[in-house]
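Student: I am new to this structure and would like a close look at a single part of it. Could you take me through the sheet, strand by strand, and then show me what sits around the ligand?

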Amino acid sequence: MSSNPLISPEVLIPRLGDQLVKAGFITDAQLKQSLEFQRQCSAEGKPRLLGQAIIEMGFIDRPTLDRAITEQMLHLRAALEDANRNLEARVQQRTMELEEALRRLSEINQLKANFVANVSHELRTPLTHIRGYLDLLNTESLGPVNDDQKKALDVSLRSANRLQSLIDDLILFSQASRGEMTLTLGRVDLNQVVLKVISLVKPKADDRQIDLEVNVATDLPLVQADVEKLHWVISQLLDNAIKFTKPAGIVQLRVLKDVTNNNLVTVTVADTGIGIQPERIKEIFEPFHQLDSSATRRYGGTGLGLALVRQIIEAHGSLIDVQSEVNKGTKISFPLLISKAD
Ligand SMILES: Nc1ncnc2c1ncn2[C@@H]1O[C@H](COP(=O)(O)OP(=O)(O)O)[C@@H](O)[C@H]1O
Ligand SMILES: [Mg+2]
């Protein structure tokens, strides 16, 4: 596209005096005299328009001046129309370029999602074999193993299981980003979920000398949820809370009836950890994003957890809430709908 000329009346039309000279109505010398006359009038406190000054000097009559001005206005209108047409063409061109860029971007996004999906599926099959054989060896189904071998097998199995859960997360993520995440809703007893999750994360909390407090209402009604995914969500939140809290800190899991709406139960995970700057809270839900780029080295993780947590919570028709203060701690909560038949 051509470069953008500065569009102003001066550029679009010649000034009246110049035009009158150019059209042969007055001479250059007459214009100079008229301008001088105009300057004098101004100095005497009786300012005149240039056209008026030229008429008073007798160089041109009123009808001729009117004709010249009309011509000038037509000129201006044509120039404006031209500029508008130019602008429209430029806007159209830019829109096309942006549309193309957007199309390429969503294509790349789709490629990424396909790549993640394919790779994680490809990784799953060999890993299933590895885990199967490690299990057989570990249970001595393939013959006796000594203590050293058993230790090595334990470590291998733990690593293989960790790899498995990473791959499962990736598969879940790629399904979610292709809009293929399905929920299996049922009536869920949160007491059971909490027991299971706590038994899973307790060793990690103990390891890091973090006090894990659990507060579940005694008369909790059943909720409407996908039990597997809910389990996953709560363990992710606890995993983060434990990970981002220093030793001797406290991590709380609260499951309580909502005080304002008796159709809801609220799940809250609160910690006394490093906290999150308020303006960065929205970032924590971006996939593969960690606030501190050195976090992977320091704390581990892929930055995928919360992106999925949010997708799962929103698929339940709920919303996730984050309250946080740097160096004080973080509180993440979401409500769940009480099961109707309850
Ligand atoms: N409880 C928390 N306290 C402080 N920061 C947190 C907490 N939970 C999440 N974050 C921040 O959000 C980022 C994304 O979390 P997540 O998606 O679970 O990824 P990951 O745990 O793999 O780093 C974390 O890397 C961390 O920067
Ligand atoms: Mg995490």
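Tutor: Let's start in strand 5, where Thr-268 stands opposite Arg-254. Please keep in mind that you are looking at a predicted model. The strands that hold this pair, strand 4 and strand 5, are antiparallel and share seven bridges. To get from one to the other, follow the hairpin of six residues that joins strand 4 to strand 5.

Arg-254 also leads us the other way. In strand 4, Arg-254 is the residue that Asn-215 stands opposite. Here the direction changes: strand 2 and strand 4 run parallel, with six bridges joining them. Both arrangements are at home in a sheet, because strands pair through backbone hydrogen bonds either in parallel or in antiparallel fashion.

Now go back to strand 5 and look towards its other partner. Strand 5 covers residues 264–271 and is joined by seven bridges to strand 7, residues 329–337, with the two running antiparallel. Two pairs help you find your place. Leu-264 has Leu-337 as its bridge partner in strand 7, and Val-269 has Ile-332.

Strand 7 in turn takes us to strand 6. These two run antiparallel as well, joined by five bridges, and Ser-333 in strand 7 has Asp-321 opposite it. Three residues lie between the strands in the hairpin of strand 6 and strand 7, where Asn-327 has a positive phi near 65 degrees.

With those pairings in hand, you can read the whole sheet. It is an open sheet of five strands in the order 2-4-5-7-6, and its pairing is mixed. Strand 2 (211–216) and strand 6 (321–325) each have a single partner strand, so these edge strands are left with one side that has no neighbour in the sheet. On average, neighbouring strands are turned by 10 degrees against each other, direction ignored.

Next, add a helix to the picture. Helix 8 lies across strand 2, strand 4 (250–257), strand 5 and strand 7. Relative to strand 7, helix 8 runs at about 170 degrees.

Helix 8 is also our way to the ligand. Three residues of the shell around ligand 1 come from helix 8, which is the largest share. In total, 19 residues surround ligand 1, and Asn-240, Lys-243, Gln-290, Gly-303 and Leu-306 are the closest. Sorted by class, this shell has eight nonpolar, nine polar and two charged residues.

A few polar contacts are worth finding on your screen. The side chain of Asn-240 has an N or O atom 2.8 Å from an oxygen atom of ligand 1. Asp-271 places a polar side-chain atom 2.8 Å from a nitrogen atom of the ligand. At Gly-305 the backbone takes part instead, with a polar atom 3.3 Å from an oxygen atom of ligand 1. On its own, ligand 1 has 530 Å² of accessible area, and the protein covers 96% of it. The elements that give two or more residues to the shell are helix 8 (227–243) and helix 10 (305–315).

Key: Residues numbered from 1 in each chain as written. Chains lettered and ligands numbered in written order. Predicted model: local features only at pLDDT ≥ 70, side-chain atom pairs only at ≥ 80, totals over all residues. Heavy atoms only, no water. Near = heavy atom within 4 Å. Polar contact = N/O pair within 3.5 Å; in protein donor to acceptor, adjacent residues only side chain to side chain. Areas by Shrake-Rupley, 256 points an atom, 1.4 Å probe, with all protein chains shown as cover. Helix = DSSP H or I, 4+ residues; strand = E, 2+ residues; numbered from the N terminus. Nonpolar A, V, L, I, M, F, W, Y, C, P; charged D, E, K, R; others polar. Pairing = 2+ DSSP bridges. Axes fitted to C-alpha atoms, helices over the stretch in contact; angles between N-to-C directions. Contact = heavy atoms within 4.5 Å.
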